[in-house]
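Q: Please take a close look at how helices pack in this structure, and go through it step by step for someone new to it.

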Amino acid sequence: MRYAQGGGLTDAERAARERIRLQAVERFEGAEKNREIAAALRVSERPVERWRRAWRERGEAGILSKGSPGRPRLSSVQIARLERELERGPLLHGWADQRWTLARVKTLIGRLFHVSYTVEGTWRLLKRHGWSWQQPTRRAIERDDAAVPVEERGLATGKSCAAACNGWIVFEDEAGQSMTPPRSRTWGRIGRTPVVRVRGRGSGRVSMAGMTCCRPGERSRLIYAIREYRGRKGQPKGFGWRDLRGLLGRARIQLGEPIVLVWDNVRLHLTAGMRKFIAANAAWLTVFQLPTYAPDLNPQEGIWSLVKRDIGNLAAADLGQIARAVKRGLKQIQYRPDLVDSCLAGTGLITDD
């Protein structure tokens, strides 16, 4: 497919316009009015008037397209190189932030190929090749992406292990929520940012520990525990390894054994007490570690996202209201295995096979 200069119309788009003009010529010969022709062809009256004037002066050839205004500006090889450079991100090309704007892409094209594009032409070029203006996701700079395929092979071993012993694969993770609720989008007047009022006083935190459980042929399940921290003396701020031990005991009772546990490398999971517990229960518990800075590989992160989306912009009166809202959200997900399945599928690590 050929491309017009500066990211203009494609051959298909030009052919469609050519057909419209030919239909206009047939209607001119039939002595139809401009208003009727514009309504039939779904165009405004002004171009129809211009086409009729050109048709009277030069005939049918007067309104037909003169063809492409120029040769393609970028070859397919150059387009492929441009896409590779865009995927590397603007940070590696000298910009302080990580936003690809049309002006920056235009500048990058000039640097790479010494070709000048307009901003509109850059927009057409990107749209034509499958690029769009999107809300990005976050990923830690410290993450080692090269370790992810290795860990995926390790999880494949875990899946084989679970299949061999007819066990459950259990993804575990912890999260927390303070009195300040997550921000969520809301309608507001153009040019005036909406204000969500929350309580400035009050402290405390709701800690959550959850397990996303799956096994072929079984309904996916969610097991969780919640703890409130109100800042009192001697009160634990979050979960300890003994709490996780109790949560694993609950999972063993509800799911049966054996269990293949997958979690990250936070300090809580690597304590001496937890290591001794895992070693003492190796008959029914096998543990695999996720790579560092790779939360997108844990489906339990998707569960936390669903819970926090439901409490967005919540102006809670106290910590108890936050805790009740979190419990309600988790309980609703427990009765929706399709939501748990969607979080599992979102990681790309669990499939139907």
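A: In this predicted model, helix α5 (residues 102-113) packs against helix α6 (residues 119-128) at an angle of about 90°, and their axes are 9 Å apart. Angles of 65 to 115 degrees count as roughly perpendicular, and α5 and α6 are therefore roughly perpendicular to each other. On the α5 side, the contact is made by Leu102, Val105, Lys106 and Ile109, which meet Val119, Thr122, Trp123, Leu125 and Leu126 of α6. By class, the residues of this contact between α5 and α6 are seven nonpolar, one polar and one charged.

A second pair is formed by helix α8 (residues 241-255) and helix α9 (residues 272-280), whose axes come within 9 Å and cross at roughly 25°. Angles under 35 degrees count as roughly parallel, so α8 and α9 are roughly parallel to each other. The crossing of α8 past α9 is right-handed. Trp241, Leu244, Arg245 and Leu248 of α8 meet Gly273, Met274 and Phe277 of α9. This contact of α8 with α9 has five nonpolar residues, one polar and one charged.

Helix α8 also has a sheet to consider. The sheet is open, with five strands in the order β3-β2-β1-β4-β5 and mixed pairing. Its edge strands, β3 (221-229) and β5 (285-289), each pair on one side only. Neighbouring strands of this sheet are turned by 25° against each other on average, direction ignored. Helix α8 packs on the sheet and touches β1 (168-178), β2 (205-214), β3, β4 and β5, while its direction makes about 150° with that of β3.

Definitions and conventions:
Residues numbered from 1 in each chain as written. Predicted model: local features only at pLDDT ≥ 70, side-chain atom pairs only at ≥ 80, totals over all residues. Heavy atoms only, no water. Axes fitted to C-alpha atoms, helices over the stretch in contact; angles between N-to-C directions. Helix = DSSP H or I, 4+ residues; strand = E, 2+ residues; numbered from the N terminus. Parallel < 35°, antiparallel > 145°, perpendicular 65-115°, else oblique. Contact = heavy atoms within 4.5 Å. Nonpolar A, V, L, I, M, F, W, Y, C, P; charged D, E, K, R; others polar. Left-handed = near helix turned anticlockwise from the far one by under 90°. Pairing = 2+ DSSP bridges.
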